[in-house]
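Open the model in your viewer and keep the sequence panel beside it. The stops below say what to select and what is there.

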Amino acid sequence: MAKGLDITRIKARTAELLAEYQVPSVAIGILQDGEITDFALGVKELSTREPATTDTIYQCGSLSKTWTALAFMQLVDEGKVGLDEPVRTYLRDFRVADPEVSAEVTPRHLLNHTNGIEEDYGDPGEDDDVYERMIANITGAPQVHPLGHTHGYSAALGYAILARVMEVIDGKKWDDIMRDRLFGPLGLTSTTSWHEQVAPNRAATGHIIRSVDEGPIVSPVEHLPRSFGPGGNVNSTAREVLTMAHVFLNEGKAPNGTRIAAPEIIREMMESRVPIPDPYMYGPEWALGLIVCDWHGETVYAHDGSTIGQNARLRILPDSNVAISMLANAGPRDSFYKKVFNVILAELGAVTIPELPKPDPSRNLDLSRYEGTYGRLGTHYEVTAEDGKLSLTFALNPMEASFLGKPERVTYELLPVSDTHFLMPSDDPLEDTQTVAIYDFKNGVAQYLHTNCRVNPRARQ
């Protein structure tokens, strides 16, 4: 057991928060000085009431990107791929709508989400050639922003391109590469890259929460499409997530002593960074497969992940030699994870998670500089000014609105923190306050809106 941990108190407080937030179950792992303590609370599925255990397997969602980045960086370590070489060096037929991007986009752009390629890859199917098909389908994909101009999260496409590079270089399918390069050498027996590889009797069932009164219900979507594999389809346990995190705390070595990557490769992953326009919700910088957070002056590395009904969180604190993982079978909000993690961090004597900044009511803004419509494929935001205040309206498509039990248009007041950053408080008891950046002013108006790590350009008139 990790030193200084009152695990009984942590479990009791976590159980209270599970009930308060209506999350069916959670598995938590704590890595301190090379030792892992883990526990699980709640049920794998509400209808069966079968208890979750530390062996229960959850969907990691976008936390999968850290796994994929680590495996990709092994190719860099071996000299088989260059971070700053064009993708076309390895995929000769690679092409998107912009000829310059086609010729110049690199693995580094993909790893840190600065490539700007729209996620317009159609339906590549569920077969073994899914990533090859995604590449073939994006020949007409436009740019959300110029190459390298700003950070804008790619949910599936960017890491699928990386996976295809891996397939071409290694001569194997991505799922086999992950098994042979990472899961096997790390000594993992519960971590897989595809839902069909998960033993049904160990899998947590995802739930969604549409209202406080209704409570959690089984998600109608069992798993993400296979196209999300490198960016969203890893399945694991809280303990095995920390086995991967151990590599970042120990200069590339696994707990079993296996060398996963050279120390300089791990440093490259952690130290090669780009700024995130909205620094408050996740962190101020993005590295190679990792978010970089600033907790009261201490650097913390992170990645989160969500599927439609499951959620994953990982935080790595090198200065404290600590990492914490959380896997849940509902989408626990930021306030849930922060409350649980802060209890653990306080027990460990480590730095705790900072609160969001306070709004600055004295700030005198020219509201016309922010007004306008912003969006990209599948998203639409309207920023308007009235009575000296800004508001943001998010338009959901009718299917999504019905699925989530929400209206098709949701409006938030924007409370300024700075000239480019705003808080978005919500009246919905199931939503925490969010943040947004509206920035990159040209010709007197902002060009981009960045929220939830996604970037949305101003609509052309």
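In which loop is His-296 found? Select His-296: it is found in the loop between S10 and strand S11 (298-306). His-296 has a positive phi of about 55 degrees, although it is not a glycine. With a relative accessible area of 56%, His-296 is exposed; buried means under 20% relative accessible area, exposed over 50%, and partly exposed in between, with a 1.4 Å probe and protein chains only.

Before the next stop, some ground rules. This is a predicted model, in which local features need pLDDT of at least 70 and side-chain atom pairs count only at pLDDT 80 or more, while totals for chains, interfaces and linings use all residues. Residues are numbered from 1 along each chain as its sequence is written, and side-chain values use heavy atoms, with hydrogens and water left out. Helices (H or I, at least four residues) and strands (E, at least two) are DSSP runs, numbered from the N terminus.

**The sheet**

Select the strands S3-S2-S1-S13-S12-S11-S10-S9-S8, which in that order form an open sheet of nine strands with antiparallel pairing. Two strands pair if DSSP finds at least two bridges between them. At the edges are strand S3 (50-51) and strand S8 (274-275), each of which pairs on one side only.

Go to strand S9 (residues 285-286) and strand S10 (residues 291-295), which pair in the antiparallel sense over two bridges. Glu-285 has Val-292 in S10 as its bridge partner.

**Two hairpins**

Now select S1 and S2, an antiparallel pair with eight bridges. Ile-30 has its bridge partner in S2, namely Thr-37. The two strands form a hairpin with two residues between them. Asp-33, in the loop between S1 and S2, has a positive phi of about 50 degrees although it is not a glycine. Asp-33 is partly exposed, with a relative accessible area of 38%.

Stay on S2: eight of its eleven residues are buried, so S2 is largely enclosed by the rest of the structure. S2 also pairs with S3 in the antiparallel sense, over two bridges, and Val-43 has Pro-51 in S3 as its bridge partner. The hairpin of S2 and S3 has four residues between the strands, and Arg-49 there takes a positive phi near 60 degrees.

**Helices on the sheet**

Add helix H1 (residues 7-21), which lies across strand S1 (25-32) and strand S2 (35-45) and runs at about 30 degrees to S2. Axes are lines fitted to C-alpha atoms, for helices over the stretch in contact, and angles run from 0 to 180 degrees between N-to-C directions. Then add helix H9 (residues 238-249): it lies across S1, S2, strand S12 (311-317) and strand S13 (322-328), at about 150 degrees to S13.

**A helix pair**

Which angle do helix H2 (residues 64-77) and helix H10 (residues 263-271) make where they pack? The angle is about 130 degrees, with the axes 10 Å apart. Show the side chains of Ala-69, Leu-70, Met-73, Val-76 and Asp-77 in H2, which meet Ile-265, Ile-266, Glu-268 and Met-269 in H10.

**Last stop**

Select Ile-217, found in strand S6 (residues 216-218). Ile-217 counts as partly exposed at 25% relative accessibility. Leaving aside residues up to four places away in sequence, Ile-217 touches Gly-206, His-207, Ile-208 and Arg-210; contact means heavy atoms within 4.5 Å.
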